[in-house]
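Okay, everyone, thanks for coming. Let me put the structure up on the screen, and then we'll walk through it together.

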Amino acid sequence: MKNYYTKLLTASAVILSILLIVLGIILGQFFHLFGENVDAGIQQTYWVYLLFTLVLVFIVMMFVLAKIIQQYVQPIDHFMGVAHQLAQGNYLARANNEDSEMNYQLTNSINTVAQKLQGNFALRAMEQERLKTLVSSIGSSLLMFGRHGAVNLVNRVFEETFHRDGEELMGKTFKDIGLPSDIEIEIEKIFLTEEVRTFQSKVLLEEGICHLEVYGAPVIGENGNWLGIVIIMHDITELVRLEQVRKDFVANVSHELKTPVTSIKGFSEMLLDGAVEDPVTKREFLEIMYKESNRLQLLIEDLLRLSSMERGSFEITRKPVDLVDVVQQSIKIVQAKVQEKDMRIDLHIPQQVMIPADHDRLVQVMVNLLNNAIAYSQEETIVTVLVEEVEEYVEITVRDQGIGIMPSELPRLFERFYRVDRARSRESGGTGLGLAIVKHIVEAHHGIVTVESEVGVGTVFRIHLPIHEQQ
């Protein structure tokens, strides 16, 4: 694209050429009128000098015009170029022509405009980055639709939750992006009524069922213009799960308390009514009542202990503890049950393993695991206890040859009151809270507990405890 300097110089050259050609023709005509009797050689010389003079005048005039045009027109080209760059978004472009006072003022004006444009662009970019960061940092899925129902904003949480690419969704309507039908219906209602709506939705994703609390509201501009709607979807799956756990807990506690209370009440009523006169039967009833009251007391103590752990008021006292002593003391506590079932505990432990821990709490953990292994194993079987160091941890393994646990039950094994075999657990005097307590104690020591099992073969519990104290 030619600049003004080139265009004006070309136009001046054409005009000057025409003028000189006309002038040459006129001079030629005058010479022809007054020089008819002049010798042909002189005429030829005249024409040569005329042509030479005209060419020389053309060159001189073009040189002068070029200088004049350059002085007045070239700054305009420069300013036009800078303005063009600014219009294209290059806000770093600056004018630098300061040959005259007028150019100096114009240069300052253009540079001032460029600086303000650059500042506004940087501010806008910063605000956009803040908005993008804010939207991406929101822990809930966010969608924004324009007034015609097309997507114009999607955040990262929505992309991760629904496994969709936000760039592919831009410009599509809410009916074309694969939302659940109930959410689509509610979005349509928001468009029609322009009112805030809150509802819950259950979505089937690859990870499983996801419960969402959806909030939808119209977006109103500064001048009251309706710009579209915004949809925020909170993942409340964990809250729903915890609510179900709470309901199950209340139901389980009620059921567990009901059994011993009913037994104690029934037998005490029979004794009070005098229906049992046989001393042997009366003693049997009293023993049952005593057994049930002990079970009730144990259940209440475990509930209080577990509640203390979950409230965060549970504390452990760390000091150097020999795990070998913990295991041996735990075996002594369960030795009577081992002998009752003619079982054997096979130990594989080093001479000494010292770790920072709470001795009594670890004994409680081992007794719970050993009691489970004994309760769910057949007679004349072996329970294996293995203690070994694995890198920065000590691994305690308790392996039995019991009935085993189905794979579907393993994820719920550490829940409160969950039992693989309820009848056998009650017969053994268990409360269903032992493994939940084990998990809390191990995690309080910054350790982890895992379980592996095969039905009909046995179950393996592994506890990893850090060798060195962790903050």
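Let's start with a helix that isn't straight: α9 bends by about 55 degrees at V334. Before I go on, keep in mind that this is a predicted model.

So how far apart are the ends of α9? Its end C-alpha atoms are 26 Å apart. The helix runs over residues 323-340, which is 18 residues, and at 1.5 Å a residue it should span 26 Å, so the two values agree.

Now look at the two ends. At the N-terminal end, D322 acts as a cap on α9, with a side-chain oxygen 3.1 Å from the backbone nitrogen of V324. Just after the helix, D342 has a positive phi, about 55 degrees.

Which residues of α9 are buried? They are L323, V324, V326, V327, S330, I331, V334 and V338. Notice that V334, where the bend sits, is in that list. And what covers them? The cover includes the strands β6 (319-322), β7 (344-348), β8 (354-357), β9 (382-390) and β10 (393-399), along with the helix α10 (359-375).

That brings us to α10 itself. It has 17 residues, which at 1.5 Å each should span 24 Å, and its end C-alpha atoms are indeed 24 Å apart. It gets a cap as well: a side-chain oxygen of D358 lies 3.3 Å from the backbone nitrogen of D360, at the N-terminal end. Why do I call α10 largely enclosed by the rest of the structure? Because 13 of its 17 residues are buried.

Okay, on to the cores. The largest nonpolar core has 46 residues, and L323, I355, L369 and I463 have the most contacts inside it. The largest share of this core, nine residues, is supplied by α10. Another core lies apart from it, with 24 residues, including L169, F199, V203 and W226. Back to L369 for a second: leaving out residues up to four places away in sequence, L369 touches V398, L435, V438, F461 and I463.

Two more residues I'd like you to find. The first is S140, in the loop between α3 (101-137) and β1 (141-146). Is S140 buried or exposed? Its relative accessibility is 9%, and the cut-off for buried is under 20%, so S140 counts as buried. Its side chain makes a polar contact with the side chain of H234, at 2.7 Å. Besides H234, S140 touches N155, V157, I232 and M233, again not counting residues up to four places away in sequence.

The second is M289, which sits in helix α8, residues 279-311. M289 is buried too, with a relative accessible area of 15%. Now try this one: how far apart are the C-alpha atoms of M289 and F267? Along the chain they are 22 residues apart, yet those atoms are separated by 7.1 Å. F267 is also one of the residues M289 touches, together with I264, S268 and L271, with residues up to four places away in sequence left out.

Let me zoom out to finish. The chain has twelve helices and twelve strands, and 36% of its 471 residues are buried. Its accessible surface is about 29,100 Å², and 56% of that belongs to carbon and sulfur atoms. Finally, take the contacts between residues at least 6 apart in sequence: 59% of them join residues at least 24 apart.

That's it from me. Thanks!

Conventions
Residues numbered from 1 in each chain as written. Predicted model: local features only at pLDDT ≥ 70, side-chain atom pairs only at ≥ 80, totals over all residues. Heavy atoms only, no water. Helix = DSSP H or I, 4+ residues; strand = E, 2+ residues; numbered from the N terminus. Expected span 1.5 Å × (residues − 1). Bend = angle between axes of the 7 residues up to and from the residue. Buried < 20%, exposed > 50% of the residue type's maximum accessible area, 1.4 Å probe, protein only. Contact = heavy atoms within 4.5 Å. Polar contact = N/O pair within 3.5 Å; in protein donor to acceptor, adjacent residues only side chain to side chain. Areas by Shrake-Rupley, 256 points an atom, 1.4 Å probe, with all protein chains shown as cover. Core = buried A, V, L, I, M, F, W, Y, C linked by side-chain atoms within 4.5 Å.
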